[in-house]
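Hello,

Here is the structure I promised to pass on. My notes on the ligand site follow below it.

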Amino acid sequence: MSKHVLGIDIGGTGTKGAIVNVKTGEFVSDKIKYKTPEESTPKAILSIIKNMITDFEWEGKQIGFGFPAIIKQGMSCSAANIHKDWIDFDIATYFEEELDCPLTVVNDADSAGLAELLFGAAKHKKGSVLLLTLGTGIGSALFVDGRLVPNTEFGHLKWKKSITEDYASNRARKANNLDWPEFGKELNAVLNHIELLLSPDCIIIGGGISKSFDEYVDCFDIKAEIIPAELKNNAGIIGAAYYSTL
Ligand code: BGC
């Protein structure tokens, strides 16, 4: 297999892609971003993916997709921040038939976690490592001595009047007009709850918000080591491309 794979990270708000050297985790192209359509049906998402394939001149070649839902054997089994038509939808077969290329699909947070584990903040880390991506939702990726426990959904823990991602995601920060200390307090409460459930050795804060880590790190009061992701918003693309080589 070629060492270059197109990684596409489909998100609730934006869909990003780049050609990745899967041996080094580096981009060998520019990153291209499209707004995820409001009405994010399979057909609408397929249409921006087709645009991306044309942009990268990537017809018929290997693609790794990250997708914001529980993914089991190529099926999308949930849909929190994406159109409900994706629930129990055979995403891998649909893309294969429509795009006519070899491809894989993995949960977006699991892909970001893989990238951080191989090429970023969690490199060489042993024990239990949890990556949380704070974006439109909260995604989670759990590793035990380097092995992924797929499809954890720590953004969907029951919390206050709804679920954790409604209080501590980047979307919640913006929607509730939280300043950094207020946001840090919300996130710290969620982290304490997760710590009670898992006692992870290390927690990595990922997603675009990891760039502002210094603004809220002082709010944390947990036992686990807590560090920002290194690959920021690119982790999902890199991990999705890498996953297709496994
Ligand atoms: C979804 C997860 C996803 C996360 C980040 C959550 O709402 O349930 O599957 O990983 O958002 O996109």
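How many Å separate an oxygen atom of the ligand from an N or O atom in the side chain of Asn 81? The distance is 3.1 Å, a polar contact (a pair of N or O atoms within 3.5 Å). Asp 108 has a side-chain N or O atom 2.6 Å from a ligand oxygen, and for Glu 165 the polar side-chain atom is 2.8 Å from one. Of the ligand's own 310 Å² of accessible area, the protein covers 93% (Shrake-Rupley method, 1.4 Å probe).

Before you go further, please note that this is a predicted model, with local features needing pLDDT of at least 70, side-chain atom pairs counting only at pLDDT 80 or more, and totals for chains, interfaces and linings using all residues. Residues are numbered from 1 along each chain as its sequence is written, and side-chain values use heavy atoms, without hydrogens or water.

As for the surroundings, the shell around the ligand divides into six nonpolar, four polar and three charged residues (Asp, Glu, Lys and Arg count as charged; Ala, Val, Leu, Ile, Met, Phe, Trp, Tyr, Cys and Pro as nonpolar; the others as polar). Domain 1 (4-108 + 235-243) and domain 2 (123-230) both contribute residues to this shell, so the ligand lies between them; the bounds come from an automatic or database domain assignment.

Best wishes

Notes:
Polar contact = N/O pair within 3.5 Å; in protein donor to acceptor, adjacent residues only side chain to side chain.
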